[in-house]
Amino acid sequence: MFAILGRETRLQVIGVWRMPAFAVPTLMFPAMFYIFFALLFTRSPGMHMPTWLLATYGVFGVMGPALFGFGIGVAVEKGEGWLRLKRIAPVSPLVPLCARTLMAMLFALIVFVILASLGAAFGDVRMPRADWIALAVTLTAGAIPFCAMGLAAGLWLSPQAAPAVMNLVYLPLAFLSGLWIPLVVFPAWLQQLAVILPPYHLAAIALDVVGSKPAESLVGHVLVLAGFTLAFLGVAAAGWRRMRES
Amino acid sequence: MKESVARLQGVTRRYGKHIALDALDLVIPDGGVYALLGPNGAGKTTTISLLLGLLTPDTGEATVFGRPPGDIASRRAIGAMLQVSGVPATLTVREHIEQFSGYYPKPLPFAQVMARAGLEGLEERRFGRLSAGQKQRTLFALAICGDPALLFLDEPTVGLDVEVRRRMWSVIRNLADDGRTVVLTTHYLEEADALADCVGVLSRGRLAAEGTPAQIKARVGGRIIRCSTALDEAVLRALPGVRGLRRHRTQVELAVDEAEPVLREMLARDAALTGIEVTGIGLDEAFLSLTAGTREAA
C-alpha cells in the first residue's frame, strides 16, 4: 500500500517537475514577488517587512501548486479520459488523491525553503529554529484546504475552463487576503471581506508563528480552514458523483 | 456450455432522451475472444463501461465474475484499454507501465509487456512525444501489464497501420489461447473475423445477431444497390432477394442477396431509374440487412 503511494507520489512530482508551465510559475512567482516587495522595497512602518512577507508569500507559495496541480491537473485528466482508466485500475482513488496532495505539500515546502533562504541571506530575517520549523510545518500542512479547493474546481470545471478560472481565482484571492500588501491599508469593507477567504486564515496562523499577534484566536483560524476543507471536499464529492453518472 | 465471466441482463441505459442500450441481454463466455461489432453509436462503449462499473444501468443488472462490476477484487483480475485522448504527457512509457503494473498482484515482467505491445526501444520516451500508434500501444500495454484474466479492449486497433494491427491481433489471440477472456469492440468486420470466437452485433442498443464469425458473415454477405428511383417502397421490398431498404429523399439503398436480378427487375419497372451504384456489403450495410426487421417493427 505504502509502496504504491510512494511510487504514485514520486511520479506525480516527476510529472509536474518536467512541466515548465507548472513548475516555473509556482516556484518562481512567490520568490520573484518576495525579492521585489520584501527585499528591494523595504519600507517597514513598525514591522520587519522581510519577516512579515515571508509568512504571507509563503502562503501565496502554498496556493499555486495546490490550486493548479488539482484545479487544472484533475480537470485535464478528467477531460482526456485518463481518470476513467485510473478508476478501473485496481487502486483506490485515495492513492492518486493523496499523491497529488503530497506533491502540492512538497512544492509548498520548496517554495518556503527558497523564500526563507532569500529572507535569511538578504532580508536579515532572524527567528529561533523552532519558529522556522513551525512556519515550515504550518505552510506545508496549509496546502490541504487549497488542494480541496482545487479538487472541487477540477472535478466541476471543463479542461478548457479550468486554467482560466484558476488563474482568475489565484491572484485576486492572494491580493484580497492581504498576502502582498497588509490588510490594514485596505478600505474597511475589503478588510471584512478577507474573513471569508481561506488564504487570510492561513496567513493569520503563519503571521502568528513569526510573532505578529492576530486579532482573532488561533484555534478559530484553524477551525475555519478545516471548515473550508470539508466544504470543498463536499463540493468535490458532488462533482465526482456527477462525473460518474455521465 | 461454458461458464460466463460477464453478463448484462435486461440492461437499459439512457443519456438524456437517447437510449444507448435497450433491454440488452449479453453473456460473455469464459475464455476466448468476444467481439462486439457495430457502427458508431450502437452502444459498444456503453456496454464496456457498464461491465467495468464506470456506468450503472438504469434498469437491469450487470455482473462480472458473478458480482456487481467495479469492486476492487474483480478489478485486480481485469485490464482495460479505453478510448483515452491523453495520458500524463511528461511521464515515460516505462514510468506509466511500472505504475500500472504496481497496482496488480501478479504483473507481467516489464520486458514482456514491452515486447507484447511492440514498444521495445521506447522505454524512456515520454508519452507526449510518442506517435499516435505508439500511444495506442502504450494504452494496450497498460491493459495487459497486470496479466488479467479478463481484458476489455475498446477499439484497440483504430488508427493503427495494417502491420501493427496484425501484430496486436496475434498478441490478443495468444492471450485468449492461454485461457484468458478478451472482450473487444470494433467496427471492422475483418477484425472480428480474424480474432473472435464469438461475435455479437450491436445495433441501436440491441443485440442484432450473435454467432461465430462464419455465421455472421453468412448473414451479412450480399450487395448494396444505391440509386434514384420513383418506385414505391413497398414494391421494392417485395422484390425477390431484397433484405433491407433505406431511403434518403429519392435516393434508395437496398441490401440484396444478388444485385443483378434485382436491378433487372427495377430497370424493367422504372424507366427513369438513375445513378446506379453497386457495392459490396460493408458493416454499415450489414446492419441495414440485419436490423431491417426491427426497423420495420419500430
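User: Let's start with the bigger picture in chain B: in what order do the strands of the open sheet of six strands lie?

Analyst: Happy to help, and please keep in mind that this is a predicted model. The sheet is open and its pairing is mixed. Going across the six strands of chain B, the order is β5-β6-β7-β3-β8-β9.

User: Which strands of that sheet stand at the edges, and why is one side of each left without a neighbour?

Analyst: Each edge strand has a single partner strand, so one of its sides has no neighbour in the sheet. The two in question are β5 (78-81) and β9 (206-211) of chain B.

User: By how many degrees are neighbouring strands of this sheet turned against each other on average?

Analyst: Here the direction of the strands is ignored, and the value is an average over neighbours in the six-strand sheet of chain B. The turn comes to 15 degrees.

User: How do β6 and β7 of chain B run, parallel or antiparallel, and which residue is the bridge partner of B:L153?

Analyst: Strand β6 (residues 150-154) of chain B is joined to strand β7 (residues 181-186) of chain B by five bridges, and the two run parallel. Within β7(B), B:L153 finds its bridge partner in B:L184.

User: Which strands does α5(B) lie across, and at about what angle does α5(B) run to β5(B)?

Analyst: The helix lies across two strands, β5 and β6 of chain B. Relative to β5(B), α5(B) runs at about 170 degrees.

User: α5(B) also packs against α4(B); why are these two helices called oblique?

Analyst: Helix α4 (residues 110-117) of chain B and helix α5 (residues 132-144) of chain B have axes 9 Å apart and pack at an angle of about 135 degrees. Angles from 65 to 115 degrees count as roughly perpendicular and those over 145 as roughly antiparallel, and an angle between these ranges is oblique. That angle therefore makes α4(B) and α5(B) oblique.

User: Which residues make the contact of α4(B) with α5(B), and what is the handedness of the crossing?

Analyst: From α4(B) come B:V113, B:R116 and B:A117, while α5(B) brings B:R137, B:F140, B:A141 and B:I144. By class, that contact holds five nonpolar, no polar and two charged residues. The crossing of α4(B) and α5(B) is right-handed.

User: Chain B is divided into domains; what separates their centres?

Analyst: Domain 1 of chain B covers 4-218, and domain 2 covers 222-280. Taken over C-alpha atoms, their centres are separated by 38 Å.

User: What is the order of the four strands in the other open sheet of chain B, and which are the edge strands?

Analyst: The four strands follow the order β11-β12-β10-β13 with antiparallel pairing. From one strand to the next, the twist averages 15 degrees. The edge strands, each pairing on one side only, are β11 (242-248) and β13 (274-280) of chain B.

User: How many bridges join the neighbours β11-β12, β10-β12 and β10-β13 of chain B?

Analyst: β11(B) is joined to β12 (residues 251-256) of chain B by six bridges, with B:A255 as the partner of B:G244. β10(B) and β12(B) also pair over six bridges, and B:C227 has B:V252 as its partner there. In the pairing with β13(B), B:R226 stands opposite B:E277. For β10(B) and β13(B), the bridges are five.

User: Which helix lies across β10, β11, β12 and β13 of chain B, and at about what angle to β10(B)?

Analyst: That helix spans residues 259-269 of chain B and is named α10. It runs to β10 (223-228) at about 20 degrees.

User: In chain A, at roughly what angle do α5 and α7 cross, and what classes of residue meet there?

Analyst: The axes of helix α5 (residues 94-122) and helix α7 (residues 143-156) of chain A come within 10 Å and cross at roughly 130 degrees. The crossing is right-handed. A:T101, A:A104, A:M105 and A:A108 of α5(A) meet A:A143, A:I144 and A:C147 of α7(A). By class, this contact has six nonpolar, one polar and no charged residues.

User: Finally, which element gives the largest share of the side of chain A that touches chain B?

Analyst: The contact takes 18 residues from chain A and 22 residues from chain B. On chain A, α1 (2-17) and α4 (82-88) are the elements that give two or more residues. By class, chain A's side has ten nonpolar, two polar and six charged residues. The largest share, six residues, comes from α1(A).

Technical notes: Residues are numbered from 1 along each chain as its sequence is written. Chains are lettered from A and ligands numbered from 1 in the order in which they are written. This is a predicted model: local features need pLDDT of at least 70, side-chain atom pairs count only at pLDDT 80 or more; totals for chains, interfaces and linings use all residues. Two residues are in contact if their C-beta atoms, placed from the backbone, lie within 7 Å. Ala, Val, Leu, Ile, Met, Phe, Trp, Tyr, Cys and Pro count as nonpolar, Asp, Glu, Lys and Arg as charged, and the others, Gly among them, as polar. Two strands pair if DSSP finds at least two bridges between them. Axes are lines fitted to C-alpha atoms, for helices over the stretch in contact, and angles run from 0 to 180 degrees between N-to-C directions. Domain bounds come from an automatic or database domain assignment. Angles under 35 degrees count as roughly parallel, over 145 as roughly antiparallel, 65 to 115 as roughly perpendicular and the rest as oblique. A crossing is left-handed if the near helix is turned anticlockwise from the far one by less than a right angle, and right-handed if clockwise.
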